[in-house]
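Let's take a friendly walk through a protein structure. Keep the sequence and the 3D view open as you read.

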Amino acid sequence: MNNQFYKNFLMDHFKNPRNKKKINNCNFSSGKDNPACGDKISIEGIIEDGIIKDISFDGSGCVISQATASILTEECIGKPVTELIKLTKDDILKMIRLELGPNRLRCALISLESLHKGLQDYLKKN
Amino acid sequence: LPWQRVVKRSGASLKFIKVDTETFLFDHAGKDLINEKTKLVSLVHTSNVIGHVWKEGQLESIIQKAHSVGAKVLLDCAQSIPHQKFDVQKLKPDFVAFSAHKMLGPTGVGVLYIKKDLHDLIEPYQLGGSMVHDASFNESVWIEAPGKFEAGTPPIAQTICFGTAIDFFENNVDFNALQKHEAKLCSGMIDGLDSIKQVSIIGNKEMLKESGHLIAFTVDGIHSHDVAAMLAMENIAVRAGHHCVQPFAKLIGIDSSVRASFYMYNNMEDVNTFIRVLKEIVKGF
């Protein structure tokens, strides 16, 4: 784990989360929680012509879970759903610039799981 | 978890000895839950979550009550054996379980003590090599305990290492001195933690100052996993989470806590470093 991460990049996203807002007229949404550690993430957004037009998250939990959600939502805007649905664990770790053990990995992946669930539900309906 | 499984299989019901959520003391009156329908009483000797230790006589009276109605008693000593001398002849539990990795030993092995007069009543929980006295096509006879409970190739290296760890205790550890040493560190730790207003200790401070060896706490506004990760950056190893007792965490309304455990290799300088680093974390977060 990079010694500086709590001071810099992730802390900035944790303290000043991007896209932590309410979106009106969203057409996809989902939520995930991890009762084992208390992390919660919900994601909602607007898809137009297969592209993420707007996206937001809400949640509570540790720095990694909340900062990752902030970073992931930034990555999503303007991207096609078909591309985002293919995002993997490794993509997330690249985004947050960390290597994590199995326990903290769950914190990092909760927002991706939530995003994928929301997108899959959207694709089923549309 | 094992008791939930037993209940599902047998149709028995599961009852819990309460923990006072203000004082963090086990309800000694829990022994009133024991009646002639009780089959097994499972007790934690020292709590791995809040460091609770039973007061003199409390455990004895629960075990006596259990035995008086014909119930068996299992003591989970995983958290206590590494810190205190324990005599099965004195407390007379029917079963005692503990792990090697909590007592300077390797992972993957532990001890299950079964009182001798129960050896023949208990069937092996798994089958494999080295446990058979005589096998034919339709019937088999097991060797005597403990062999019949040790099916298959054992973890040989771990068992040898575990033996060495036990020898180390026998030859080098004065448990009375160890307990005093740990309690002193706990006491210093509690005073230090109490000086940080964002910190809440999960446990009975008086008891821990007197005879504890671990302190669990939460930090207001910082998730326990983050506290642990930041402490780790300063080479301080703690555990964070619900410590495998999620129902208790739910009971007291937290999702996790940080747990610092002391042992023979810690000293007061470690406590002072811990408190200094934690203050920096709280200030910088």
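The report below goes from the cores to the sheet, the interface and the charged pairs.

## The nonpolar cores

Keep in mind that this is a predicted model. A good place to begin is the largest nonpolar core, which has 35 residues. Phe28(A), Ile52(A) and Ile96(A) have the most contacts inside this core. Several elements of chain A each supply at least two of its residues, among them α1 (9-15), β2 (39-48), β3 (51-60) and α2 (63-76). The most comes from α5(A), with 9 residues.

Try clicking on Ile96(A) in your viewer. Leaving out residues up to four places away in sequence, Ile96(A) touches Phe9(A), Leu10(A), Thr68(A), Ile71(A) and Ala108(A). There is also a second, separate core of 34 residues, and this one includes Ile50(B), Leu59(B), Ile81(B) and Phe248(B).

## A buried serine

Now find Ser114(A), which sits in helix α5 of chain A. Is Ser114(A) buried or exposed? With a relative accessible area of 0%, Ser114(A) is buried, because the cut-off for that word is under 20%.

Which residues surround this serine? Setting aside neighbours within four places in sequence, Ser114(A) is in contact with Ser30(A), Gly31(A), Lys32(A), Ile41(A), Ser42(A) and Ile43(A).

## The sheet in chain B

Chain B has an open sheet of 4 strands in the order β1-β2-β3-β4, and the pairing is mixed. At the edges are β1 (40-44) and β4 (110-114) of chain B, each pairing on one side only. From one strand to the next, the twist averages 15 degrees.

Look next at β2 (residues 72-76) and β3 (residues 95-99) of chain B: they run parallel and are joined by 3 bridges. Within β3(B), Phe95(B) is the bridge partner of Leu74(B). A helix joins the picture too, since α2 (residues 58-68) of chain B lies across β1 and β2 of chain B, running at about 165 degrees to β1(B).

## Where the chains meet

How many residues of chain A are in contact with chain B? The contact involves 19 residues of chain A and 11 residues of chain B. The size of an interface is often given as the accessible area lost when the parts come together. Between chain A and chain B, the buried area is about 1,100 Å², and carbon and sulfur atoms give 62% of it.

The count of salt bridges between chain A and chain B is 1. Arg104(A) forms a salt bridge with Asp226(B), and their closest N and O atoms are 3.3 Å apart.

## Charged pairs

Side chains of opposite charge can pair when their charged atoms come close. Over all chains, a search of the whole structure finds 11 salt bridges. One of them joins Glu44(A) and Lys22(A), at 3.2 Å from N to O. This pair links distant parts of the chain, 22 residues apart: Glu44(A) is in strand β2 of chain A, and Lys22(A) is in the loop between α1 and β1 (28-34) of chain A. Glu44(A) counts as buried at 13% relative accessibility, whereas Lys22(A) is exposed at 65%.

Another pair is Asp194(B) and Lys205(B), whose side chains meet at 2.9 Å, N to O. Asp194(B) lies in helix α5 (residues 175-194) of chain B and Lys205(B) in helix α6 (residues 205-211) of chain B, so the salt bridge ties together parts that are 11 residues apart in sequence. Finally, Asp12(A), Arg18(A) and Glu74(A) are linked in a network of salt bridges.

Terms used:
Residues are numbered from 1 along each chain as its sequence is written. Chains are lettered from A and ligands numbered from 1 in the order in which they are written. This is a predicted model: local features need pLDDT of at least 70, side-chain atom pairs count only at pLDDT 80 or more; totals for chains, interfaces and linings use all residues. Side-chain values use heavy atoms; hydrogens and water are left out. A nonpolar core is a set of buried Ala, Val, Leu, Ile, Met, Phe, Trp, Tyr and Cys residues joined through side-chain atoms within 4.5 Å. Buried means under 20% relative accessible area, exposed over 50%, partly exposed in between (1.4 Å probe, protein chains only). Contact means heavy atoms within 4.5 Å. Two strands pair if DSSP finds at least two bridges between them. Axes are lines fitted to C-alpha atoms, for helices over the stretch in contact, and angles run from 0 to 180 degrees between N-to-C directions. Buried area is the accessible area (1.4 Å probe) that two parts lose on being put together, summed over both. A salt bridge is a side-chain nitrogen of Lys or Arg within 4 Å of a carboxyl oxygen of Asp or Glu.
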